[in-house]
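Biologist: I've got this one open on my screen and I'd like a close look at one part of it, with the rest brought in as you go. Could you pick a stretch and talk me through it slowly?

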Amino acid sequence: MFLWAGSKAAQGSGSERRTIYQKIREYDILEKRRTVTALKAGEDRAILLGLSMILCSAMMYFVLGITMVRSYSDSVWTEESNCTVLNSSVVAEINCSYSCGSECRKSSRYPCLQVYVSLDSGKVQRLSYNEEAHEANPECFYIPKCRKEQTLMHTIVMNISERLKMHQQVLCYYDPSEQQDGVLLTRLYGRGAIISSLLWPTCTLVGGTLIIAMVKLTQYLSFLCEQISRIKRMGLYSLRGASHAQVCTRKFNGGIQDVV
């Protein structure tokens, strides 16, 4: 009878332990699920950020490719040379128009400054400020923004003429194939400008790629840790089950011997 009562009490205490263990186990599972859900949301946001950065860099590459890079590659003024200023003078007044409001245009005039230079080869060429000035009017070195105040435009052009007279030697760009007669003082988009403009989309692309790679690496390491923890738990449970079975067997055999 005492043996039966003891076994019943042991069963009751064991069921209570299992109930407490199940509650703790359920709480741990809920906490793990909440943690996993939070981590997954953060990982999704990080991947979305990385993809957005990559897409933004691709759009920047496209815009720069059809504007700056295309203008740089299509330019024929690729060779540098030391140019000696031979003549810098105003030869004419050019008509231009400026906006005075919505659907309103008025005319004005600006002075046409002609500059002739001599290349290292001895060839004399007409100098233009950049590609835009050459395309607008190859006869004039610089084309100021058309304004109502003609005196202001004349002052700007004369200041440029004085600076060119002070600096007799200037660096210019010419066409080695001689398809264009004139030479340029500066290129609209030089090599330095192209490199600096492509730096930011490159940094954005590298940053987005690194973010996605780090998230994927973290997920892989987390998966490995979970697999290792599961293997260890399974091995520990098997060892505990075997030891518990041995203890129960010993107690049962001892109780039988006491009864006998």
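Modeller: Let's take residues 46-64, which are 100% helix and 0% strand in this predicted model. The C-alpha atoms at the two ends of that stretch are 27 Å apart. UniProt, in an unreviewed entry, lists residues 46-64 as a "transmembrane region", along with residues 193-215. That other span is also 100% helix and 0% strand, with 34 Å between its end C-alpha atoms.

Now look at M68, which sits in helix α1 (residues 2-74). Is M68 buried or exposed? Its relative accessibility is 14%, and the cut-off for buried is under 20%, so M68 counts as buried. Leaving out residues up to four places away in sequence, M68 touches Y189, A193, I194 and S197. Take S197 from that group: 129 residues separate it from M68 along the chain, yet their C-alpha atoms are 8.7 Å apart. In the chain as a whole, residues 24 or more positions apart make up 70% of the contacts with a separation of 6 or more.

Here's the overall layout. The chain has four helices and five strands, and they come in the order α-β-β-β-α-α-β-β-α along the sequence. Of its 260 residues, 22% are buried.

After α1 you get to the strands. β1 and β2 run antiparallel and are joined by 15 bridges. One of the pairs is V85 with V117 in β2. Two residues lie between β1 and β2 in their hairpin, and E103 in that turn has a positive phi of about 55°. β2 also pairs with β3, again in the antiparallel sense, over three bridges. V117 turns up here too, with Q125 as its bridge partner in β3. This second hairpin has five residues between its strands, and G122 has a positive phi near 95°.

Stay with β3 (residues 124-128) for a moment, since S128 is found there. S128 has a relative accessibility of 1%, so it counts as buried. What's packed against it? Beyond its neighbours within four places in sequence, S128 is in contact with H134, P138, C140, F141, V183, L184 and L185.

R126, also in β3, brings us to the charged residues. How many salt bridges does a search of the whole structure find? The answer is one, and it joins the side chains of R126 and E139, with 3.4 Å from N to O. That pair ties together distant parts of the chain, with R126 in strand β3 and E139 in the loop between α2 and α3, 13 residues away. As for the general idea, side chains of opposite charge can pair when their charged atoms come close. R126 is partly exposed, with 23% relative accessibility, and E139 is partly exposed as well, at 35%.

N137 is in that loop between α2 (131-136) and α3 too. Its relative accessibility of 15% means it counts as buried. Not counting residues up to four places away in sequence, N137 touches I94, Y110 and I143.

The loop takes us on to helix α3 (residues 150-166). Does its length add up? With 17 residues at 1.5 Å a residue, α3 should span 24 Å, and its end C-alpha atoms are 25 Å apart, which agrees. Which residues of α3 are buried? They are M153, V157, S161 and L164. These cover an arc of only 75° around the axis, so they sit on the same side of α3. Turned away from that buried side is a face with the exposed residues T151, R163 and M166. As for what lies over the buried residues of α3, the cover includes β1 (79-101) and β2 (104-118).

Notes
Residues numbered from 1 in each chain as written. Predicted model: local features only at pLDDT ≥ 70, side-chain atom pairs only at ≥ 80, totals over all residues. Heavy atoms only, no water. UniProt positions renumbered as here; feature names shortened; annotations may be inferred. Expected span 1.5 Å × (residues − 1). Buried < 20%, exposed > 50% of the residue type's maximum accessible area, 1.4 Å probe, protein only. Arc of directions from axis to C-beta. Contact = heavy atoms within 4.5 Å. Salt bridge = Lys/Arg side-chain N within 4 Å of Asp/Glu carboxyl O. Pairing = 2+ DSSP bridges.
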